[in-house]
Amino acid sequence: MKNCISCGMPMKTAAEYAMNDTSKDYCAHCARPDGSMKSFEEQKESLAGFVVKTQGVDKAVAVKTAESMMRKLPAWAGYFS
Ligand SMILES: [Zn+2]
């Protein structure tokens with residue numbers, strides 16, 4: 001089992017991998033419709049949207065939360081250094 005490098009979600013079944021492809025390192029939620037991985041900005045937007053929905057905070061706060069989540073993930077850690 002791998003964790004998604006882009007959002008940290010554990011991927012337990014093939015369906016949770018991008019394009020059902022277990023050789024990929026990112027999950028279905030972090031893939032674009034064509035199967036490539038979302039960019040830093042796309043991922044930040046989608047995480048921030050998720051935080052707004054689940055925590056009911058302002059967008060600006062949600063973006064900060066998204067950034068602190070992404071800082072810990074292998075796909076994005078390099079963007080903060
Ligand atoms: Zn993911």
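This passage goes through the zinc site, the largest pocket, and a few loop and tail residues of the structure above. The model is predicted, so local features are taken only at pLDDT of at least 70 and side-chain atom pairs only at pLDDT 80 or more, while totals for chains, interfaces and linings use all residues. Residues are numbered from 1 along each chain as its sequence is written, and side-chain values use heavy atoms, with hydrogens and water left out.

The metal site comes first. Four sulfur atoms hold the zinc ion at 2.3 Å: the SG atoms of Cys-4, Cys-7, Cys-27 and Cys-30. Donors here are N, O and S atoms within 2.8 Å of the metal (3.2 Å for Na, K and Ca), and since water is not among the atoms, sites may look incomplete. Along the chain, the donors of the zinc ion are spaced as C-x2-C-x19-C-x2-C. Angles among the 4 donor atoms run from 105 to 116°, and the site is tetrahedral. That label applies to four donors if all angles lie between 85 and 135 degrees; four count as square planar and six as octahedral if opposite donors are over 155 degrees apart and all others between 65 and 115, and anything else is irregular.

How buried or exposed are the zinc ligands? Cys-4 is buried at 2% relative accessibility, and Cys-27 is buried too, at 0%. Cys-7, with a relative accessible area of 27%, is partly exposed. The cut-offs are under 20% relative accessible area for buried, over 50% for exposed and in between for partly exposed (1.4 Å probe, protein chains only). As for cysteine pairing, the structure holds 0 disulfides, a disulfide being a pair of cysteine sulfur atoms within 2.5 Å.

Next, the pockets. The largest one has a volume of about 160 Å³. On a 1 Å grid over the protein atoms alone, a pocket is an open set of points with protein on both sides within 12 Å along at least five of seven lines, whereas a cavity is a set where a 1.4 Å probe fits but cannot get out; lining residues have an atom within 4 Å of a point. Grid points are joined across faces, edges and corners, and the volume is the space filled by probe spheres set on the points.

The lining of the largest pocket is made up of Cys-7, His-29, Cys-30, Gln-43, Ser-46, Leu-47, Phe-50 and Met-69. Cys-7 and Cys-30 are also ligands of the zinc ion. By class, the lining splits into 5 nonpolar, 3 polar and no charged residues; Ala, Val, Leu, Ile, Met, Phe, Trp, Tyr, Cys and Pro count as nonpolar, Asp, Glu, Lys and Arg as charged, and the others, Gly among them, as polar. Helix 1 (residues 40–55) gives the most, with 4 residues. Helices (H or I, at least four residues) and strands (E, at least two) are DSSP runs numbered from the N terminus. Gln-43 sits in helix 1 and is buried at 1% relative accessibility. Its C-alpha lies 9.5 Å from that of His-29, 14 residues away in sequence.

The loop between strand 2 (10–11) and helix 1 holds Met-19. Met-19 has a positive phi of about 55° without being a glycine, and Asn-20, also not a glycine, has a positive phi of about 55°. Most residues other than glycine have a negative phi. Met-19 is exposed at 52%, and Asn-20 is exposed with a relative accessible area of 52%. Ser-23 belongs to the loop between strand 2 and helix 1 and is exposed at 56%. Ser-23 and Lys-2 are 21 residues apart in sequence, with 9.8 Å between their C-alpha atoms.

Lys-72 is in the segment after helix 2 (59–70) and is exposed, at 70%. Between Lys-72 and Gly-8 there are 8.7 Å, C-alpha to C-alpha, at a sequence separation of 64 residues.
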